[in-house]
Amino acid sequence: MIPFDFTYSVPESVEEAVSSWFSSEQRGENPVYYSGGTEIITLCREQKIEPHAVIDIKHIPECLKINETEDYYYGAALTLNTITEKTSLSLFSAVLSRIADNTIRNKLTLGGNIMGRLPYREAVLPLLLFDAHAVIAGKEGIRSQPLSVVFDKRLLLGKGELLLGITFPAKTDAAHWVFTRKEKNGRIDYPILSVCFIKENDSIKMAVSGAFAYPLRNPEAENILNRQTLSPLQRAEKVTDYFADYYKTDFRSSAAYRKHLLKGAITEALEKLED
Amino acid sequence: MDEYKAVGKNTERVEGQDKVNGKIRYTDDLPLPGMLYTAFVRSSHAHAKILSIDHREAEKIEGVTGVFTGEDFPYLIGLYLGDKPPLAREKVRYFGEPVAVVVAHTEAAARYAAKLINVTYEPLKVLASPEEALKPDAPLIHENLSAYNHIDAILPEPGTNIGNRTRIRKGDIQAGFKAADVIIEESFSFPPGDHVFMEDRIAIAEILSDGQVVIRSSTQSPFGVQNLMSSFFQIPQRKITVITPPVGGGFGGKAGIQLEPLAFLLSREMGGRPVRIALTREEDLVSAPGAAGLHARVKLGAKKTGEFTAAEILFLFDSGGYADYAVNVSRAAAFASSGPYKLDNLQTDSLSVYTNHPFATAYRGFGHIELSFAVERAVDILSEKLGIDPVTIRLKNSIQAGETTPTQNVLDNSTGNLKECIHTVAQRLNWNNGSLRKISSTVVRAKGIACFWKAPAIPTNTQAGAIITFNNDGSVNLATGAVEIGQGILTGLAQIAAESFGMDPEMVHVVRDVITDRSPNDWTTAASRTLFMAGRAVLNAAEDAIQQIKSIASAVLACPPEDLEVADGKVFLRDEKDTMLPLSSMVNGYTYPNGTAIGGPIIGRGKYIARHLTHVDPLTGKGRPALEWTLGAEGVEVEVDLKDGSFKVLQASCAMDVGNVINPDLARGQVVGAMAMGIGYSTTEAFEFDTSQKVLNGTLRDFKILRYGEHPVYTVDFIRTPQKDGPYNARGLGEQGIIGMPGALASAFSRAVGKQLTKMPFTPEYLWKQGAAV
Amino acid sequence: MKVYNSVQELTLLINGEERTVVVRPSDTLLRTLREKLGLTGTKIGCEHGDCGACTVQINGKPVKSCLVLAVETVDKEITTIEGLENDRLKQSFVHNHGFQCGFCTSGMLMNADSLLHDHPNPTDEEVTRYLESNLCRCTGYEGIQMAVTESFYKKKDPDSHS
């Protein structure tokens, strides 16, 4: 039950979508781009947001495309289940298939998970490790920028800009990865820790969410991770100490527990990846 | 079970086909023409003075027909203790309390307008626990407690935050502790929670032109609503009709009176038009009443050999901002406070204490799940100190026929066999193979056991009725006042009726909706007493109908009525079965071949009222409040990874002495469902508060109940010591399966982490912390 | 570009029937089914995507209808409990007591039907992956597990859960 009205439009091209956003904005309609809508509908019901123009991007070809031949590309309006069914990247699939629940994953999209208000944005974790680019459309056209530049706690979009998809150079499935997810109690919940590791060219990379207020990949932490003179436990202790100020405390868990879980996850991942 | 035709059989649920086809109609599935919708403004503070409510902007919204605040409805209502205004007046007493309501032509307009209402508050000191509320300098949550109306059995203490105090004084505890070789004393606690039935609460009220108040409500207490509405608003009883279709889960949370008074008041303001109050899930969780929290202290003494000598118990129930059922929950907990153990020297004080938490009402187990956690923990701690196995110490102290309850009643020879229940559960758990096992360097498997008992906490004059009529084919219509809340009561009663008439349950049509102006009176569908009492009423109604059948048949067949029997749709001579009449020929009048008719519609009238219950003495608790006790034992096996406290409940076992089983599948379903609820209750279902006592997890996303895949393997065993006054020797079993779960899980988790745990919920983080501290 | 303004007439394909209905673009499919089309078998449990009581199928996939706008479903096939033709599954729920109060049942059945369509012989993990999307407060899931298990004829000891 959404207690107010909005206009719902279905652009069929990027240009239509963006110009529709700006003309709605000019009319003071507080427009939103809409793909899965699971979060927007909920926020509207609770009247935490009140858009009067909803622009559905699910009919824009660039938002629905999936390509795993040359440059990999995943449209922002693909549902998580569509990607898990089609992708050859087992880490990507493993992470996406733990977000929300199976029924919701038939509606929740990649773009929605990345662009939503919820801080976890777990879909970003493997993408940060794949050195992916965000393909962003705006008034000035389409740009593709690395997440390392354009993702800082959240995707930094300009006014009226729209995430079309995610791309990265062709990739064979990295067999060497570890994904650990912990919840307060019960699988169907937000994570108190969600962490991905991959090993590429003898180097281990890590991206973390849940434990912190936002998803993070940190070069300094990765440097420590790869100091092979130290034991996995020593490295885990150093990395988790390095993040001392990052851990979140909320009703789901304390910072101390989150830190403990991360330490355990790092130790196990290093042992497994260096085995 | 071959002696029975219908009882003891797994008859298909009578409303089952409609439930799997989406055709069953709950209250919200039947909107009324011209119905108005509502939306609430809820308090953003846990304890605050209301300074102003500005609703001018809300009134301007198209479709809004009225905005109301507490000042519009100067009533104080309450089930036992009249402490609650329909909307908060002058101050709010918990986070989420309804402060204002918008009525509108559409739900959208009502919700949109409600958001525009601006309330200003002056925060007051919040009371975050019963202990805080009992401090001498604690502010009073109800300043006018002395002026409130209440029933005699409830004893509020004006000038304090105590809504009720129940005392048990049995034997001599000084002497008992003196005789003890070992004494333990420990505190236990857990925060409030919620029922989380799938159907949110809803009531629709309208007032017809002749003043008839018609209320459609998802309630366990249609007759209770009728009675209370009549006394709150001085409406003549005959002018109130409550209609209750099947209910989408109750668990105690829909007993008593809830949304109905406000729905009525709003309909009256709207000239009698139907007004619907349907809670959102968030409102149902936080604004509407839930399960009480508990802070308890138990001192327990025993001989070296394990026999208990005395107990001193303090229960502080966290009733939240209002009393509702909590004042009686705390009372019931006192009456059963020893747990199912022989305790000749017992002193209990059980208090219902106001705090600034969401208020509490009846919750499956009604005080017994709470008390059981505290008592079973104490028993385990004592058993550890004595070095006696937890199973052995329970067997040693099991209560039996001839011994006395906390209220000093002697248990009669219908009393269940607790020892057999304990043995059965221990066997199901393979207890003798050890209760703690290492699986890997960090993973352990641990077992735990607990006992439980429960009697219905009911008024001394609790009653039930049944009416049986017949269709021309000889089939039966059965109407009672029992509400189908998922427990399968309609099916159970159909089986009892069918058994009485010696017919197939398919030949019994059970009326589904309870409508107070045509259904026979029934106290309330709660306390696990419905099968017992409504079942007895059905037996009584069938007997009444059978007498009438025999009386007519004796004229037609020219024989004494006592030579006749009724079965298989016929009335026949016992020793000459071919001399008979089909019921179809005579249940609505018998017509002789020459056209002359006798009889007329047969109407079976049945009734039952609780037997030999008495009030209790306010100083000692002496009296008889309990109709029949259901006893049992439960056990679990858990697997815990000590490195982070994560766990899985592998097995949950229950053995319960139920007297007899009317429908084994439905009975098992009740017990299994209750065990699952008990797992959630103990591990996830607790409100989390910030320092100002705002609820942090007030959505179903954050307030977790058990999901598919988190459930264990269940075993259920029924022991059958006949309940001699029960219908076909059966006794109540709907709630009992939840009661032992907190104790059993606490026992297992304590064993796993190597430390006696005293607080719930058992989250992985809590287990990790406790385990790491060892 | 299709634009739906404040109140709109839509034709939806529901349970094999074309139904024309007037909605606001902000109306969810759940409210449209219940309040505009009389399909009250789909239940409101939380309107937050947490309980699954409102689960319907869109193009054969289970979806929580509280998280779908009616306007999004134009040109799609919607199936609700009233149109579910899997009688074997329904009877299996009745016989195995896969419900008590029945309030979660419509959503549970719609989801279980999709499960058995996508995975005619599902593993325990697949059953959990689907059914953990729906809450049931009455049964403790034992009856539901038995009902789903029986309806794909993979015989199991009713007491076992793995």
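Trainee: What makes strand E1 (residues 36-42) and strand E12 (residues 275-278) of chain B a pair?

Mentor: Two bridges join E1(B) to E12(B), and two strands pair if DSSP finds at least two bridges between them, so they qualify. The two run parallel, and B:Leu36 has B:Val275 as its bridge partner in E12(B). By the way, this is a predicted model, where local features need pLDDT of at least 70, side-chain atom pairs count only at pLDDT 80 or more, and totals for chains, interfaces and linings use all residues. Residues are numbered from 1 along each chain as its sequence is written, while chains are lettered from A and ligands numbered from 1 in the order written.

Trainee: How do you know that E1(B) also pairs with strand E5 (residues 98-104) of chain B?

Mentor: Six bridges join E1(B) to E5(B), and these two run antiparallel. One of the bridge partners is B:Ala100, which sits opposite B:Val41. Both are strands, meaning DSSP runs of E with at least two residues, while helices are runs of H or I with at least four, all numbered from the N terminus.

Trainee: Why is E1(B) called largely enclosed?

Mentor: A residue is buried if 20 or more other C-beta atoms, placed from the backbone, lie within 10 Å of its own (exposed: 12 or fewer; partly exposed: in between). Seven of the seven residues of E1(B) are buried, so the rest of the structure largely encloses the strand. B:Leu36, B:Thr38, B:Phe40 and B:Arg42 point one way, B:Tyr37, B:Ala39 and B:Val41 the other, and all are buried.

Trainee: What makes helix H9 (residues 326-335) of chain B mostly covered?

Mentor: Ten of its ten residues are buried, including B:Arg331 and B:Phe335. The buried residues of H9(B) pack against strands E7, E14 and E15 and helix H10 of chain B.

Trainee: How do you know that chain B touches chain C?

Mentor: Contact needs C-beta atoms, placed from the backbone, within 7 Å. 43 residues of chain B are in contact with 39 residues of chain C. H15(B) gives the largest share of chain B's side, six residues.

Trainee: Why is chain A called as compact as a globular protein of its length?

Mentor: The globule rule, 2.2 Å times the number of residues to the power 0.38, is set against a radius of gyration taken over C-alpha atoms. For 275 residues the rule gives 19 Å, and chain A has a radius of 19 Å, so the description fits. Chain A has twelve helices and 13 strands, and 52% of its residues count as buried.

How values were computed. Contact = placed C-beta atoms within 7 Å.
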